[in-house]
Amino acid sequence: MAMTGIDLPPVRPRTGLQRPGALRRLVSDYGQELVVLTAIVALFIVVTMVNPRFISTNNLTSIFAGNAYIAVAAIGMSMVIITGHIDVSVGALIGVLATISGTLAVAGYPVWVAWFAPVLVGMAINSVIGVLVAYARIPSIVVTLGALSILRGGLISVTGGTWISGLPPEFLIAQKRLLGLPVPIIAMVVLTILAALWMRYSAFGRSLYAIGGNPEAALATGIPTERRTVAVFAIHGAFAGLATILFATQLQVIQSTVPPNLELTVITASVIGGVSILGGTGTVIGSTLATILFATIGSALIFVNVSAYWLRAVIGLLILATVLADMLRRRGRA
Amino acid sequence: MTVKSIFRHETLLALLLVAVLIVLSFQSDRFFTVSNLLNQGRLMTEIGLIAIAMTFVIATGGIDLSVGSILGLTAILTGVFWQNVGMPLAVAACAAIAVGSFAGFCNGLIITRFNVPPLIATLATLALYRGLAEGISQARSVRGYPEWFYVLGQGEVLGVPTQLWILLLAAVLASIILAYTRWGRTVYAIGSNEVASRFSGLSVEHTKLALYTASGFAAALAGVIFVSRVSTTRSDMGTGIELDAITAVVLGGTSIFGGRGTILGTVIGLCLIQALKNGLSLAGVKGDGTIMLIGAVLILAILASNLFERSGTR
Amino acid sequence: MTAPYVSLTGMSKSFVGVKVLKDVSFDVRPGEVHALLGENGAGKSTLIKMMAGLYTPDAGTIVVDGKEMKFASTRDATAAGIATVYQELLLFPEMTVAENVFLGHYPRTALGIIDWPEVRARTRQLLDQLDTFDLDVDTKVLSLSVAQRQRVEIAKALSKNARVLIMDEPTASLVEADVQRLMAVVRQLRERGVAIVYVSHRMSEIFALADRVTVLRDGAHVGTRDIGEVDERELVSMMVGRPIDSLFPKAEAAIGETVLEVKNLNHGRHVRDISFALRKGEILGIAGLVGSGRTELALTLFGMTPATSGEILLDGKPVRIASPRQARDLGIAYVPEDRGLQGLVKSMAIRKNVSMASIEGVSSGIFIKAGAEAQRALDAVKRLGVRCRSIAQPVGELSGGNQQKVVIAKWLQTNPKVLILDEPTRGVDVGAKAEIHTIMGELVKQGVAILMISSELPEVLGMSDRLLVMNGGRVTGVLDRAEATPERVGAAMTRLETGEAA
């Protein structure tokens, strides 16, 4: 049993690349990510030619920093979808966590308590969801639909719709800079890279793909699917908590509402980024890129003088185009 | 009648509804009055129409998230066609409903022709249709409709709110279709095993196309009724109504994976949600508290029926 | 004689009060192939699932390598050196070959992260050991054939250093050439001292491979024999509990005029220039390897993948078939290859499955007549001998053979002129198989024309009046019953074109 030819599939000729077909493999493994990345780059080039102010530091900061929290939430969402589940309650969860965090900050607790609380509470709430999905075997869309009502209703009945103001300045981490870069951008990039590595190089990460790809086989392989399901929801809760910190600290006040349909935005980012809604495929890099794409489109439309009223229509059309392109690409491959 | 059929989801849910009605009528003497109940029926109609169509869609194993956006688009178009384009109001409303149905047809086309999973397809059109509503309305609202138009949303026929008649008619028709016709059987077959349905010579694509179009039509009709009820148009009308409708359908025992579900269950689910909303607000609970309770009821109802089912079969 | 590596004694198991395994003992020695035989429901799966740690026994002991063990999960069984290749291959289609092999027990680097180069290298090594040099470790499993997937499963088992390999009907969905290759792999593993538990319905393989054979019936142990002590007839009667006279009772039917004629039919790469005629009362068998275009031809005739060119004549009249619905209306029925996915709605009642392709027939207008539907289902269940509690029972609860009868019943409701049967007895036990063959015989007597696809050569040879052999999407041979020998069919299966070798 010689070990020859292990780096080289037998039939293909050796080329200058480390592995033959490495480029092809990159395209096949990260196809959707590349599509999104290309779209972002193309958009930047076109819009900058129309209006050079598009790549001003101010605008770039607002594109990246202002939407970083969506990307962070989409990391957790991608993990949940890869495992074959879905969460439609994350928007409401972020609202609740923001209120908790803000209340603690205003009440005079140390800022680190106010920062850590949403992460811990997010994990706790989503663990309950995970238990209902994994052990009580209620479909995740049903559980999270219920959770959406509970969290949304709970938020408004507790706050009565009032805003939290008078936040201590040291609490507002999203407005700070580190090494000259806004903290949200650093957080988004670092968290995406860490999560991507973890999904690729840890047995835990791979087991999520296994569970989403073929739950029955995962069980037969000895993967504790129930425990992993609870864990992935808990981790998603932690990312929702991290997203909350970025969301709640970007302004001087915390509103009692989150942007409408935030959960759908987060899910869309995951899916456009290449995470199959059927589970088992996709990466967190894709979801972050997709978030950036949406933000870029939103900003670009303003710079090329499209009326703000048509913004969502154009975004909707682009989402649809991406989805159809992806389907045609997959059909071509099959 | 076997023991198992007594423990059917619908039966449990109906018992729960009766219990809720009794408790609520003790809480407030304004609750169990004819005028209050009829008024609640009025408020329930828009979600109801959407939920009835959604029952079919979910029973095939699909979902339609774009209904709220179609509702908003139709509402805006009704106003625009009438005031800006200058159509007679009746024509404008019909044209708007036609556009809404066409929007549903497009959903169906994307799903059947391009094999896009329904969740993704309608997530995309949710953004698109709402965007069109916003773009067309430019944040302007259209008011001042002729008196006759308000009959639909605010008037009564034989002492019962006009739109409640529409809802009743839709519910009766839909339950007959789903339970007793070939089309209904096809819906369940597709939801249980789409491939086998195709191999049995059933027209899977046509059926789905028809259902998503019907879902668009129901949302569009609900949109016109909505405008008539609140006397104005706004582009954010119906935001989030898709989740309310899905809640009612799932609460009513339709399996989110398809293959199982009844219109009766959906209607009971709707009534339960509306009764909770109204009863609790009369009893002094703030509106948002009731939303919480509905979420909890949804989870608990599915949990209970899961437990019954498991002990029943295995 | 070597000591058994695994021995099970007095295994019993009940599910909701039903005893599915009663006091069964079984053992397997290193370097031995021990065949496990029995009809569906005899308890084979339950027994192997206990060995694999998926089920815990109610009673009985498991001794591995001299030590008594209790398996709480599949992990425990794996640790004890027991690996299973399941019938429904449990792989992850979106993952690469290498990842599938090492999923759950990746080699790690010093940092504790997955060592991907090592994963790929060791997978290459394992595949080479199985003489599978043609499989790229970076290919996604979804693009592999069934036979290739199976080899990935075996590599996976070996990667866990399995001392015992359980193979659950490994050849059920393989064609002859792949079967031969698999048998070579099994022999090689045996030589390396692996103990192999081999579950199969196919007698020829058992006699070719096994050292010992154990037969189960109704959850009980009927007997364990050395393979030299038994013959096929005896094994079958041990399994069924009664002697079966003929394995392929070919009914003689009067063959009438041509019903279906196909001229130069084409669709894609797998249906090329196909011409043949099928007559009333005739069984025309189609033999060929996987990818030879057998099923694709059936799907084209059935309108699933409509023909791109060529002619189909039904009763002498040219017809166009663009959908299964049209095929049905023309009197063509197709009992598909994959029963669970394509044939049945498992969660639905027998009644509803039976009426599925003929729903117009039990409706007035758009309304279904429940009485007429039930009557038809009752008649069909009686006629085909479907064993069930009632016609309201969900089809998924029936055994494989009875499920297949329901699919056949569904299509008989449409009164087909042409009945296409694709692997009609795959995964069906011996008793039900004979019954399905009898049903086929009755149908041809009534004048139905049958087109039968089967990977099991004895079945095609035994049942067909004529034989169509396909390769590479083309017809490479047409043989009469009298001239069809396994050698001739085998030669035609690998031949390129009809004219070439003749």
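Start by selecting Gln138(B), which sits just after helix α6(B) and takes a positive phi of about 50°. (Helices here are DSSP runs of H or I with at least four residues, strands are E runs of at least two, and both are numbered from the N terminus.) Before you go on, note that this is a predicted model, where local features need pLDDT of at least 70, side-chain atom pairs count only at pLDDT 80 or more, and totals for chains, interfaces and linings use all residues. Residues are numbered from 1 along each chain as its sequence is written, while chains are lettered from A and ligands numbered from 1 in the order in which they are written.

**Stop 1: the loop after α6(B)**

Click on Ala139(B), in the loop between α6 and α7 of chain B. Ala139(B) isn't a glycine, yet its phi is positive, at about 65°. Is Ala139(B) buried or exposed? It counts as exposed, because it has 10 C-beta neighbours inside 10 Å. (The cut-offs: buried takes 20 or more other C-beta atoms within 10 Å of the residue's own, exposed takes 12 or fewer, and partly exposed is in between, with C-beta atoms placed from the backbone.)

Now pick Ser141(B), in the loop between α6 and α7 (150-154) of chain B. Ser141(B) has 15 other C-beta atoms within 10 Å, so it is partly exposed. Leaving out residues up to four places away in sequence, Ser141(B) touches Thr232(B), Thr233(B) and Arg234(B). (Contact means that the C-beta atoms of two residues, placed from the backbone, lie within 7 Å.) If you also select Ile63(B), you'll find it 78 residues from Ser141(B) in sequence and 30 Å away in space, C-alpha to C-alpha.

**Stop 2: helix α6(B) and its partner**

Step back to α6(B) itself. Its 20 residues should span 28 Å at 1.5 Å a residue, and the end C-alpha atoms are indeed 28 Å apart. (The expected span is 1.5 Å times one less than the number of residues.) Of those 20 residues, 18 are buried, so α6(B) is largely enclosed by the rest of the structure.

Add helix α5 (residues 89-113) of chain B to the view. It packs against α6 (residues 118-137) of chain B at an angle of about 145°, with the axes 9 Å apart. (Axes are lines fitted to C-alpha atoms, for helices over the stretch in contact, and angles run from 0 to 180 degrees between N-to-C directions.) On the α5(B) side, show Ala103(B), Cys106(B), Asn107(B), Ile110(B) and Ile111(B); on the α6(B) side, show Pro118(B), Ala121(B), Thr122(B), Thr125(B) and Tyr129(B). Colour this contact by type and you get seven nonpolar residues, three polar and no charged. (Ala, Val, Leu, Ile, Met, Phe, Trp, Tyr, Cys and Pro count as nonpolar, Asp, Glu, Lys and Arg as charged, and the others, Gly among them, as polar.)

**Stop 3: where chain B meets chain A**

Show both chains: 39 residues of chain B are in contact with 39 residues of chain A. Which helices of chain B each supply at least two residues here? They are α6, α12 (241-251) and α14 (287-313). The largest share, 13 residues, comes from α6(B). By type, the chain B side divides into 25 nonpolar, ten polar and four charged residues.

**Stop 4: where chain C meets chain A**

Swap chain B for chain C, and you'll see 26 residues of chain C in contact with 22 residues of chain A. Helices α2 (74-79) and α4 (116-129) of chain C each give at least two residues, and α4(C) gives the most, with six. The chain C side has 13 nonpolar, six polar and seven charged residues.

**Stop 5: helix α13(C)**

Select residues 370-384 of chain C, which make up helix α13. Its buried residues are Glu373(C), Arg376(C), Ala377(C), Ala380(C), Val381(C) and Leu384(C). They sit on the same side of α13(C), because they cover an arc of only 135° around the axis. (The arc is taken from the directions from the helix axis to the C-beta atoms.) Turn to the other side and you'll meet Gly371(C) and Lys382(C), which are exposed. The cover over the buried residues includes α12 (350-355), β18 (367-368), α14 (400-412) and α15 (430-445) of chain C. Just after the helix, Gly385(C) takes a positive phi of about 65°.

**Last stop: Thr258(C)**

Finish at Thr258(C), in strand β11 (residues 258-267) of chain C. Thr258(C) and Arg279(C) are 21 residues apart in sequence but 4.0 Å apart in space, C-alpha to C-alpha.
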